[in-house]
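Here is a short set of questions and answers on how parts of this protein are arranged. Please look over the model before reading on.

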Amino acid sequence: MSHTLTIFAAVAIVTGTSISDGRPVHTAAVTQRSEPHTTVGTPPTAADSQQVLKEARRRQVKFEELRRRYLPRTTSSSGPCDERIGRYCLRHSDDDDWEEAPDPPAVQAARNSLIVYLDSAARRLPGDGWIAGQRVRYYVEARQPLAALAAAADCRAHELSWCHALAGYARHAAREYPESERAFETALAHMSEEQQCEWTDLSRILEGDLRGRYRRVPCAERDSLQRRILWLADPYFSVPGNELRTEHFSRHVYSRLLRHSEAPEGDRWGNDLHRFFLRYGWPVGWERVSTTITQAGPVGVVSHYGRGAHYFLPEAQFVDEPSGVRQDDWKLDPRRPPAGHSPAYTVSALEPLPHELAIFRRGDSAVVVVAYRLADDSMPNDAEVEAALIAVRSEREPWNVTREHLLGREGRLALTVPAVPQLMSLEVLAVNEERGARARYGLPAARMHSPASPRLSDLLLTYAIDSLPDTLEEAIATARTSNEVIPGERLGLFWELYDVGPRAEVLTTSLSIAKQGKNIFRRVVQLVGIGSDKPPVSLRWQDVSSAGQGMYPRAVAVDLPGNLSRGRYVLRLNLHLSDGRQAALAKQIVVR
């Protein structure tokens, strides 16, 4: 079965000209460091301190110069820009063949040497914020998050907010998102009001009506709106913490780390670079543009940004009424996103999640049932998967969640929630494969309860096996993971009837299947004779409800005609009670 992979909205900066895309790095195995350094011996004099800092800066510049000399070469940096930001050309691409490669041994050795000197400098100048920041920066780059955390803990800079921000940055790199959030919260508490407004400002990564609305709200009054936006933008509710929020703050940290240091590209820091970092994060790799021997000037460098980045920020209407978000509304892959985020645990792919959903009433509650199947080529058959179904009303309320540890590409989940409008998020993560899939949309009031009497649940498609299910639990076990069927197949249907009444009722049920036309539902007359108005499947039966039974489960199996043509069909189930009351259900299926 075909599937749609995410469109990798990746970017790169080319010094002066161009861009392409790349694959992001991820946290790898870490090297355990010794306990944090402490200051020992006689404190250095002012002159000694200046000399230590000067030497640290010199070594940092020399390392970046050496890195540029060892960069792989590329002959192409030209082409149309998707966007110009200051000195730079931004290009989005989903077909670039650039692949991340390990640093050459000479670069790794030079970085280790720089780190050793920065460690020594930090012991002599524990209060220097620049040295503290560069230590954390290069430990993170060397994929040693434990060492980065220890280096951040060593920070004794007079600007307390900076030390806590470095801790948040290191925690984010270690994928400790709740701890990272707490560190950044502490950092914000030590900032001036002006700094807080700058670090929490989301206007550069929002678009459309929401961006204009956000900018019209004074900084001091943005808290409620900002929390709602970041709650909706959290890539995975099932992953503790909000990694998009910690990523946003980490980008501020990275921008400051480069403000007074040598950049890998060799460029002077500027507001244009700051805007790039806030929107797309830091580069994950670079290439050196080959030049002719007669060309003069600085070396051109292509900076590759994260492949697999998505635009998780919500649209304005999502913010106002999350339960009104429809299944296909949330576009994670716009052609030219104003910002991109790539969670470290889904750097390979974040895919749409095909699934079936049905809701069953239980008084003031409802049982939400989902059955999903990932694309056949998305991951191995025996992949370990963490699946979660989450429903929540707002960012200020506790979540209802169920989790399952599963093997393979398909699963079924059921969650009991209050029968009120909800935002639902179905999330599947294959951590070892660095792949994930999600579906996030609203369950509005009309889905959570029906005003009609008698009331009907949704229609759940099942596999019709030896016997029909008698209960919802049995139906869930055989629930179909897709609404796709094939001609001649046996299709199972399960639903529940509620509020029939205190006495027994004669139930007359009819079921029909009609093909969906372009604008209206039309009968498939060619299958049953020219001019006939009968559908290809038409069933009618009667039975009697039990007296006083509040819930009446029903199941039926339908043998689909073998000559059904391809296309979309609508299953219609109509129920008539002997007292004249009626109810109806409709469900779309796709004949392949």
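Q: Which residues of α4 are buried?
A: In this predicted model, a residue counts as buried when its relative accessible area is under 20%. Within α4 that description applies to Pro-145, Ala-147, Ala-148, Leu-149, Ala-150, Ala-151, Ala-152 and Asp-154.

Q: Why is helix α4 largely enclosed by the rest of the structure, and what does the cover of its buried residues include?
A: Helix α4 spans residues 145-154, and eight of its 10 residues are buried, so the helix is largely enclosed by the rest of the structure. The elements that cover those buried residues include α3 (129-141) and α5 (160-173).

Q: What is the order of the strands in the open sheet of three strands?
A: The pairing in this sheet is antiparallel. Strands β9 (355-362) and β13 (410-418) stand at the edges with a single partner strand each, so one side of each is left without a neighbour in the sheet. From one strand to the next the twist averages 15°, and the order is β9-β10-β13.

Q: Which residue in β13 stands opposite Val-367?
A: Strand β10, which covers residues 365-373, runs antiparallel to β13 and is joined to it by nine bridges. The residue of β13 that stands opposite Val-367 is Thr-416.

Q: What percentage of the residues of the protein count as buried?
A: The secondary structure of the protein comes to 14 helices and 25 strands, and about 26600 Å² of the protein is exposed, with carbon and sulfur atoms supplying 50% of that area. Of its 592 residues, the portion that counts as buried is 53%.

Notes:
Residues numbered from 1 in each chain as written. Predicted model: local features only at pLDDT ≥ 70, side-chain atom pairs only at ≥ 80, totals over all residues. Heavy atoms only, no water. Pairing = 2+ DSSP bridges. Helix = DSSP H or I, 4+ residues; strand = E, 2+ residues; numbered from the N terminus. Axes fitted to C-alpha atoms, helices over the stretch in contact; angles between N-to-C directions. Buried < 20%, exposed > 50% of the residue type's maximum accessible area, 1.4 Å probe, protein only. Contact = heavy atoms within 4.5 Å. Areas by Shrake-Rupley, 256 points an atom, 1.4 Å probe, with all protein chains shown as cover.
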